[in-house]
Amino acid sequence: MIRAAIVGGTGYGGMELLRWLLAHPGVEVGAITSRTQDGPVTDHHPHLRGLTTLAFTAERAVDLAKEHDVLFFATPHGVCAKEAADVLEADADVKVVDLSGDHRLDSGAAYAEHYGKQHPHPERLAEAVYGTPECGAREALRTARLVANPGCHAYASLLALWPLYREGLVTGRSTVCSVTGSSGSGASPGAGTHHPERFGNFKAYKPLKHQHVPEILLALDAAADGSPAVVDFVPHSAPFSRGIHVTAMVPVAPGTETAAVEAVRTTYADEPFVRLVPKGTPEVRAVAGSNFADVAVTPGDGVVCVTVAIDNLGKGMAGTAVQNMNLVCGLEETAGLLVPGAGL
Ligand SMILES: NC(=O)c1ccc[n+]([C@@H]2O[C@H](COP(=O)([O-])OP(=O)(O)OC[C@H]3O[C@@H](n4cnc5c(N)ncnc54)[C@H](OP(=O)(O)O)[C@@H]3O)[C@@H](O)[C@H]2O)c1
């Protein structure tokens, strides 16, 4: 059995990781941390009653390293950046899966620009593998010690864009509209995420300035003409709890639209967690609670439209984190994850 610890167990990511890991046939959860709670985890996460007797611990991540094979950091930006280096040094075999944005970019300067703080260990950025198994990272993940789990908007967008960039089919700037549910903002209520503000409301935020854009661009190959990929990205906040829905409009040369559709379909034909939607378009309720991404692609005139639905807490976060753990720990990639969503 793989022994796993969760750092940041009271938040939505920690909650969702625990839900997946308790049902995983090859994993035992040894510890789940909190600075603010010390009782049974089921007092805080009542939907897990009857499934675990774990209690929150305040143990430091570095002290958990020796007794665990893998540590998940489901913590705000800045925590894993500080602590991962000590964890990786404390035990030569331990692996770290970072759900925050701390290891997704390629330089301390880029991190400072997009996250507004200095990275305490920029030397670790080159070692981190960006954890997108469906978008080219599967083999690198098998030997990784430090995984930078992708952002939720970023992964939904990449699932739409990556096959087209990889095949060199893109001829100009792509436009992506990504709509997220409120659990994307984490468990601590804020002015913009409070229920009366979200319910019945819909708005864009951080247009063209979201911090997930640089990780999207880093993961895309250059466009067909060799110039760097350009993606105009606008996130929106919607009045549902779980889910991300992406609409990507990608320019392609006239006459290559059918090849573009085929590129998307071929890329995902054998992917266990990507479902090509044969009829209609992806819906967030069809993936909520699951690790699936539903994808549809429609050809236009010099453009293709790719739509994607994921659960931001599933494929956009904890589901992919468990999939990445399976890969870095040498387990079956799908172990513990082939579960349907609730459907409603
Ligand atoms: N929500 C999403 O859809 C989503 C998707 C992809 C990625 N992410 C990223 O994943 C990370 C976690 O997101 P979340 O939504 O789970 O956040 P959250 O609900 O706000 O939870 C954050 C957790 O971190 C703990 N924590 C806070 N400061 C800490 C510190 N200094 N040291 C140790 N633990 C600390 C908190 O526990 P205590 O206060 O009890 O200690 C809490 O359990 C974030 O970086 C987020 O950007 C989120």
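1. A polar contact here is a pair of N or O atoms within 3.5 Å; within protein, one has to be able to donate a hydrogen and the other to accept it, and residues adjacent in sequence count only if both atoms are side-chain atoms. By that yardstick, a ligand oxygen sits 3.0 Å from a polar backbone atom of Tyr 12. For Arg 35, a polar backbone atom is 2.7 Å from an oxygen of the ligand, and for Leu 99 that figure is 3.4 Å. The protein covers 83% of the 900 Å² of accessible area the ligand has on its own (Shrake-Rupley, 1.4 Å probe).

2. Before you go further: this is a predicted model, where local features need pLDDT of at least 70 and side-chain atom pairs pLDDT 80 or more, while totals for chains, interfaces and linings use all residues. Numbering runs from 1 along each chain as its sequence is written, and side-chain values use heavy atoms, with hydrogens and water left out.

3. Now the shell. 25 residues surround the ligand (a heavy atom within 4 Å), and Thr 10, Gly 13, Ser 34, Arg 35 and Thr 36 are the closest. They split into 9 nonpolar, 15 polar and 1 charged, with Gly counted as polar. Domain 1 (2-127) and domain 2 (153-313) each give at least three residues to the shell; the bounds come from an automatic or database domain assignment.

4. Away from the ligand question, take Thr 307. Is Thr 307 buried or exposed? Thr 307 counts as buried because its relative accessibility is 10%, and the cut-off for buried is under 20%. Its contacts (heavy atoms within 4.5 Å), leaving aside neighbours within four places in sequence, include His 245, Thr 281 and Asp 294.

Methods
Buried < 20%, exposed > 50% of the residue type's maximum accessible area, 1.4 Å probe, protein only.
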